[in-house]
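Here's a walk through a single model, taken one piece at a time. Keep the viewer open and follow along.

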Amino acid sequence: MEISHPTTIRVGKNDYDFDIISITKTYGGSKHFSDGINIYLEDNNGKVETMGVDFKPDIPPTTQHISTLWGEDKKTKKTFRFGYYLHSNDFLGYTSQANLLNAAKRIIPLQGFAAKLEKWSPLITGFLALLFAWNAFWTGAGVSHHGIMSFFTTMPYVLIDTPQLIANFSDAARYNNVSYGWAFMGAIAGFVLSKLFIGIPLGRLRNKMRLAFAGSLKQELIKAFENTKQAAPAAPISGKPSSDATTDADGYQTLI
């Protein structure tokens, strides 16, 4: 059974719309490994699908149905599976650590100024690193005598003289107290400054979006499958509670 789940979340001052597809199949057991599990799902035609999960979720033995969750990557326009939903205990899980961190980012693009900032952030970072390295190459040695503010006060003059400095680089470098070490330190300073004023704010925004994405999606899934649960509640298999789930010698979690 395939269901569309259009959802809206509010992060900051913007509303973000996204649509998730859930495909519900019958749970057929799982096999545990040292670094995760394989979950076996069967559709109405008897075809069995293996879903690899990097984590080890606690799947109650009363579980009858699991829905795989799919979203569209807005950059590649391709649909990818990022998670799953256990109907028996309303557990929303991700298939991998990468999807845990990046699924919301791939599915929900930023809006407005934040979107432009994210798009151009690599170019801005490179420009600042190059700018600081170039200025430090010519004026970095004077910082130890005149203080850190001299680095910024001399930057406009270095930029104005850049065409001349490039045209006469050999002579200019010979008669000026230049430093490749300071240039390297300037590049690092430009990179750090870019991450401080661009990377960290964008990271915080993305983290808020990731949390809102998971919370809103879980509420939507619980609401969507509530009627299904009421119509066909999960019954314990062989009378075993969830704490009595067993695993055989090959690592398979058995239901009977």
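What follows goes from strand pairing to aromatic contacts and then to a patch on the surface.

First, a caveat: this is a predicted model. With that in mind, start at strand β1, residues 2-11, which runs antiparallel to strand β2, residues 14-33, with ten bridges joining them. You can check the register at two spots: I3 stands opposite S22, and R10 stands opposite D15. The two strands make a hairpin with two residues between them, and G12 in that turn has a positive phi of about 70°.

Now stay on β2, which has other pairings too. Strand β3, residues 36-42, is joined to β2 by six bridges, again in the antiparallel sense. That pairing is also a hairpin with two residues between the strands, and F33 of β2 faces G36 in β3. Then there's strand β5, residues 65-72, which pairs with β2 antiparallel over six bridges. Look for K25 here, whose bridge partner in β5 is I66.

On to the rings. How many aromatic pairs are there? The count comes to 14. Take Y84 and F91 as one example: their ring centres are 6.2 Å apart and their planes meet at 50°; that angle falls between the 30 and 60 degree cut-offs, so the pair is tilted. The two partners differ in their surroundings: Y84 counts as buried at 1% relative accessibility, whereas F91, at 35%, is partly exposed.

Y85 and F225 are another case. This pair is stacked, with 5.6 Å from centre to centre and 20° between the planes. The contact links distant parts of the chain, as Y85 lies in strand β6 (residues 79-86) and F225 in helix α8, 140 residues apart. Are these two buried or exposed? Both Y85 and F225 are buried.

Rings also gather into a group: F18, F80, F82, Y94 and F213 form one aromatic cluster. Pick out F80 in that cluster, and you'll find the charged end of R106 sitting over its ring, 3.7 Å from the centre.

Finally, turn to the surface. F184, M185, I188, F191 and V192 make a nonpolar patch of about 500 Å². Zoom in on M185, which is found in helix α8, residues 180-231. Its relative accessible area is 48%, and since exposed means over 50%, M185 is classed as partly exposed. Helix α8 also holds F225, the ring that stacks with Y85.

Definitions and conventions
Residues numbered from 1 in each chain as written. Predicted model: local features only at pLDDT ≥ 70, side-chain atom pairs only at ≥ 80, totals over all residues. Heavy atoms only, no water. Patch = residues over 30% accessible without salt bridge, like charges linked within 9 Å, V, L, I, M, F, W, Y side chains within 5 Å. Areas by Shrake-Rupley, 256 points an atom, 1.4 Å probe, with all protein chains shown as cover. Salt bridge = Lys/Arg side-chain N within 4 Å of Asp/Glu carboxyl O. Helix = DSSP H or I, 4+ residues; strand = E, 2+ residues; numbered from the N terminus. Buried < 20%, exposed > 50% of the residue type's maximum accessible area, 1.4 Å probe, protein only. Pairing = 2+ DSSP bridges. Phe/Tyr/Trp six-rings, centres within 6.5 Å; stacked < 30°, edge-to-face > 60°. Lys NZ or Arg CZ within 6 Å of the ring centre and 35° of its normal.
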